[in-house]
2 protein chains.
Amino acid sequence: MKLKADDRLEQAREEFIAQWGAMGTQWGINRTMAQIHALLMTAAEPMSTDEVMEALEISRGNAHANLKELVAWGLLRAVVRKGERREYFEAEKDVWRIFTVVARERKRREIDPALEVVRKCAEESREIATPEGRAFHEQMRQLEEFVVFASRMADRVAMMKHGFAIQMAAKLLG
Amino acid sequence: MKLKADDRLEQAREEFIAQWGAMGTQWGINRTMAQIHALLMTAAEPMSTDEVMEALEISRGNAHANLKELVAWGLLRAVVRKGERREYFEAEKDVWRIFTVVARERKRREIDPALEVVRKCAEESREIATPEGRAFHEQMRQLEEFVVFASRMADRVAMMKHGFAIQMAAKLLG
DNA sequence: CATTATTTTCAATTATTTCCGAAAATTGAG
DNA sequence: CTCAATTTTCGGAAATAATTGAAAATAATG
């Protein structure tokens, strides 16, 4: 009976890892990275590089690169066990924290560069006096305004505590 | 003097198209699609497939596929000029509308599938009575709760009118 | 210092996605 | 119906991204 429960858990967990990995693709995150995150999010204990390699059947290089990337994002922490030499990794499991970390990263990668582009184009077209030039500049200006807005919103959301977000959402959804 | 202004505009516009296209990659949108969108967003008149092909120096197949995709997203409209046979395309230029369209699409592609996965895993692990099973189920449950929340938020935002969003943002940012 | 465990790098391979170009299908006009 | 304009499809080429596997670098141990 104990074995059966363990099997079912293992199966559910593998399903989660596989699907979460597949979804990572949609999210613009590579499959391995999403799988490692899923694996560690549902691990009882921190895992070493070798354990991750074995669990997901991936190469050392791949495991290493993606573990480091996840640490850089702030979705994993490297921990050391006393008397042990190698590093273990444990995942951030709080969903709200995961969300704010991802939001911050996405803002950095998606919004900030857009702002630069749009600012530059708005600037370059400021003094073009033809009707087409004015229209273009106005379009860039509106885009810039919106991106600035989005940027500030993203910052705010990323800073929010869970409780406050819920409170705000209540107003919004109520 | 007129020529100079036109040149500067053309240059600024090409820069915008190139950069917006490069950014599309980051956004998980293919480069051509983003370029076409940028091209039409800054076009005074609707453009035909052939005009798009020529402006961006891309093949017919590529132009066609991405124009259709943009129409499917709701970022372009196909229009017909009276007495003309071919289709022309014009872009949605209102930035808020662009945003809500993209938000809707992203929700559909990123949030909805995640909800399914997480629901299934939560369901499958509901009755596993081991401590590990309970922990896994609890993790899935929290994830599900969050994704439902995100889903509802995304729906609300996608439905918002510009004015309301601004108003809400004022509270949030104030 | 020499040895060994571990992490990091990287060139080569493999997989995935995007794009081309030409053929096939469709549509409207005469 | 016939013809020409236009759209759509699709197999494979080209470009991009992910992954491997093994060697190099680093760090702890005795």
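Select the surface near DNA strand C: its residues divide into one nonpolar, seven polar and eight charged. Here Ala, Val, Leu, Ile, Met, Phe, Trp, Tyr, Cys and Pro count as nonpolar, Asp, Glu, Lys and Arg as charged, and the others, Gly among them, as polar. The model is predicted: local features need pLDDT of at least 70 and side-chain atom pairs pLDDT 80 or more, while totals for chains, interfaces and linings use all residues. Residues are numbered from 1 along each chain as its sequence is written, chains are lettered from A and ligands numbered from 1 in the order in which they are written, and side-chain values use heavy atoms, with hydrogens and water left out.

**DNA strand C**

Display the 16 residues that surround DNA strand C, of which the closest are H64(A), K68(A), T32(B), N62(B) and R85(B). A residue is near a strand if one of its heavy atoms lies within 4 Å of it. Of the strand C atoms that come within 4 Å of the protein, sugar and phosphate account for 64%.

Next, select the polar contacts (pairs of N or O atoms within 3.5 Å; within protein, one must be able to donate a hydrogen and the other to accept it, and residues adjacent in sequence count only if both atoms are side-chain atoms). At R85(B), a polar side-chain atom lies 2.3 Å from a base oxygen of DNA strand C. At H64(A), an N or O atom of the side chain is 3.4 Å from a phosphate oxygen of this strand. E87(A) places a backbone N or O atom 3.0 Å from a phosphate oxygen of DNA strand C. The elements that give two or more residues to this surface are α4 of chain A together with α2 (31-41) and α4 of chain B. Helices (H or I, at least four residues) and strands (E, at least two) are DSSP runs, numbered from the N terminus. The largest share, four residues, comes from α4(A).

**DNA strand D**

Move to DNA strand D, which has 16 residues around it; T32(A), S59(A), H64(B), R85(B) and E87(B) come nearest. Of its atoms within 4 Å of the protein, 63% belong to sugar or phosphate and the rest to bases.

Three residues may be selected in turn. The side chain of N62(A) has an N or O atom 3.0 Å from a phosphate oxygen of DNA strand D. K68(B) has a polar side-chain atom 3.0 Å from a phosphate oxygen of the strand. For E87(B), a backbone N or O atom lies 2.9 Å from a phosphate oxygen of DNA strand D. Here α4(B) gives the largest share of the surface, four residues.

**The two protein chains**

Now superpose chain B on chain A, using the C-alpha atoms of residues with pLDDT of at least 70 in both, by least squares. A turn of 180° and a shift of 0.0 Å along the axis lay chain B on chain A with an RMSD of 0.1 Å. That is the relation of a two-fold axis. Select G28(B): its C-alpha is the one in chain B nearest the axis, at 2.9 Å.

**The largest pocket**

Finally, select R13(A), T42(A), A43(A), A44(A) and E132(B), which lie nearest the centre of the largest pocket among its 17 lining residues. The lining comprises eight nonpolar, two polar and seven charged residues. α6(B) gives the most to this lining, with five residues.

Methods. 1 Å grid on protein atoms, 1.4 Å probe; cavity = no way out; pocket = protein on both sides within 12 Å on 5 of 7 lines; lining within 4 Å.
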